[in-house]
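Hi,

Here is the structure I promised to send over. Have a look at it first, and then read my notes underneath.

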Amino acid sequence: MLVTDFDYDLPEDLIAQHPPAVRGASRMMTLSRATGEFADRQFSDLPHLLQPGDLLILNDSRVLPARLYATRSGLHTQHNSPAPTGQVEVLLTQRLTGEHNDWSALVKPAKKVQPGETLHFAEPTLTAQVLSAGELGVRTLRFSPVNDFFGILDRIGHMPLPPYIHRDKNSPDTPEDRDRYQTVFSRERGSSAAPTAGLHFTPEILAALTQRGVEVQTLTLHVGLGTFQPVRAERTEGIHLHAEPYTLPAATAEAITRAQKDGLRIIAVGTTTTRTLEHIARLPVPIATHSGSTSLFLSPGLNDEFKLVRGLLTNFHLPSSTLLMLVSAFAGREAVLRAYAHAVAARYRFFSYGDCMLIT
């Protein structure tokens with residue numbers, strides 16, 4: 001299929017720039033996979049819309065303050081320039097395995113940052129050597145040994161808000177973003193973008209789900225390039241996602257096995273949870289606790305048989321994005337685009353800080 005088959009018109013003023021004043025006060029559209037019918041609801045209705053015995057699975061990855069700013073020194077720096085160490089934006093996307101503190105990162109302006117240079121950050125003890133250069137601004141960085149690297153990130157880093165959320169250039173994030181671009185159940189830090197479907201949940205909603213008889217479990221997928229990389233192919237067959245690391249806990253693996261045995265529904269919260277579950281379902285081994293990585297791409301006609309997930313809570317996604325393709329594989333492209341057209345007409349709020357839809 002063509003990537004443009006997943007395009008739709010969206011007025012810019014429907015792109016949510018801030019979360020709702022109260023967490024959990026979002027609107028929620030429901031969409032039936034069987035009939036294509038949709039209805040307007042509130043997220044607070046979720047416990048009443050799920051069934052006792054449903055298994056709801058959340059992604060508990062915690063967002064890093066992964067946007068950093070640095071200056072350069074090295075072979076390619078123009079020392080006779082009026083501003084020889086012009087500012088470089090660094091977005092950490094994935095920690096790499098090994099004995100060193102190596103990271104994959106996106107840098108801007110990418111052409112100026114080449115292997116052999118050193119980046120200097122606001123914390124004087126923190127520097128990073130540029131080890132290698134990849135495509136589309138990807139660089140491999142090796143950070144200097146420091147005490148409490150993540151504590152330094154907390155002090156000098158900024159929340160990695162997507163580019164369609166606009167902030168003052170001198171204040172890349174706000175105290176509100178520090179709180180609200182993070183789920184209330186986040187646990188293990190490592191994501192470079194929020195698993196946004198989880199942003200709607202509150203402790204009260206989670207308690208109401210449990211009281212309803214819905215089992216709530218978690219897995220961890222650290223969101224990186226595989227989730228938010230731009231689509232540059234013309235056809236969906238040419239799309240290949242970067243791998244993202246995940247962990248399936250023992251309790252969640254056991255809950256999935258019970259749900260399968262008893263014929264109960266598994267409801268995924270977000271596209272990251274969906275991709276992880278469907279990747280696990282395709283492994284040639286019984287479902288059990290483990291860690292791995294997934295680059296699974298789900299789209300109509302491509303890996304569009306859902307083996308575990310029978311319900312999906314998700315936000316409204318960018319036109320022609322891999323996330324919209326996943327939702328279309330789950331519920332049908334025509335039905336999803338009709339629902340999106342209604343969401344535009346009904347002035348739902350779109351994208352990361354926006355409203356959501358429940359597809360069952």
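Which residues of helix 9 are buried? Keep in mind that this is a predicted model. The buried ones are Ala335, Val336, Leu337, Ala339, Tyr340, Ala343 and Val344. Their cover includes three strands from either end of the chain's numbering, namely strand 1 (27-31), strand 2 (38-42) and strand 17 (356-359), along with strand 16 (311-315) and helix 8 (322-331).

I also checked the length of that helix. Helix 9 runs over residues 333-345, and at 1.5 Å a residue its 13 residues should span 18 Å; the end C-alpha atoms are 18 Å apart, so the two agree. Helix 9 is followed by Arg347, which has a positive phi, near 60°.

Now for the whole chain. You'll find nine helices and 17 strands in it. Its radius of gyration is 21 Å, close to the 21 Å from the globule rule for 360 residues, so the chain is as compact as a globular protein of that length. Along the principal axes, the C-alpha atoms fill a box of roughly 65 × 45 × 40 Å.

As for packing, 53% of the 360 residues count as buried. If you take contacts between residues at least 6 apart in sequence, 71% of them join residues at least 24 apart.

On the surface side, the chain exposes about 16000 Å², with carbon and sulfur atoms supplying 52% of that. As for charge, there are 34 positive and 36 negative side chains, and the centres of the two sets lie 1 Å apart.

Cheers

Conventions. Residues numbered from 1 in each chain as written. Predicted model: local features only at pLDDT ≥ 70, side-chain atom pairs only at ≥ 80, totals over all residues. Heavy atoms only, no water. Helix = DSSP H or I, 4+ residues; strand = E, 2+ residues; numbered from the N terminus. Rg over C-alpha atoms; globule rule 2.2 N^0.38 Å. Buried < 20%, exposed > 50% of the residue type's maximum accessible area, 1.4 Å probe, protein only. Contact = heavy atoms within 4.5 Å. Areas by Shrake-Rupley, 256 points an atom, 1.4 Å probe, with all protein chains shown as cover. Lys, Arg positive; Asp, Glu negative; His and termini not counted. Charge placed at Lys NZ, Arg CZ, Asp CG, Glu CD. Expected span 1.5 Å × (residues − 1).
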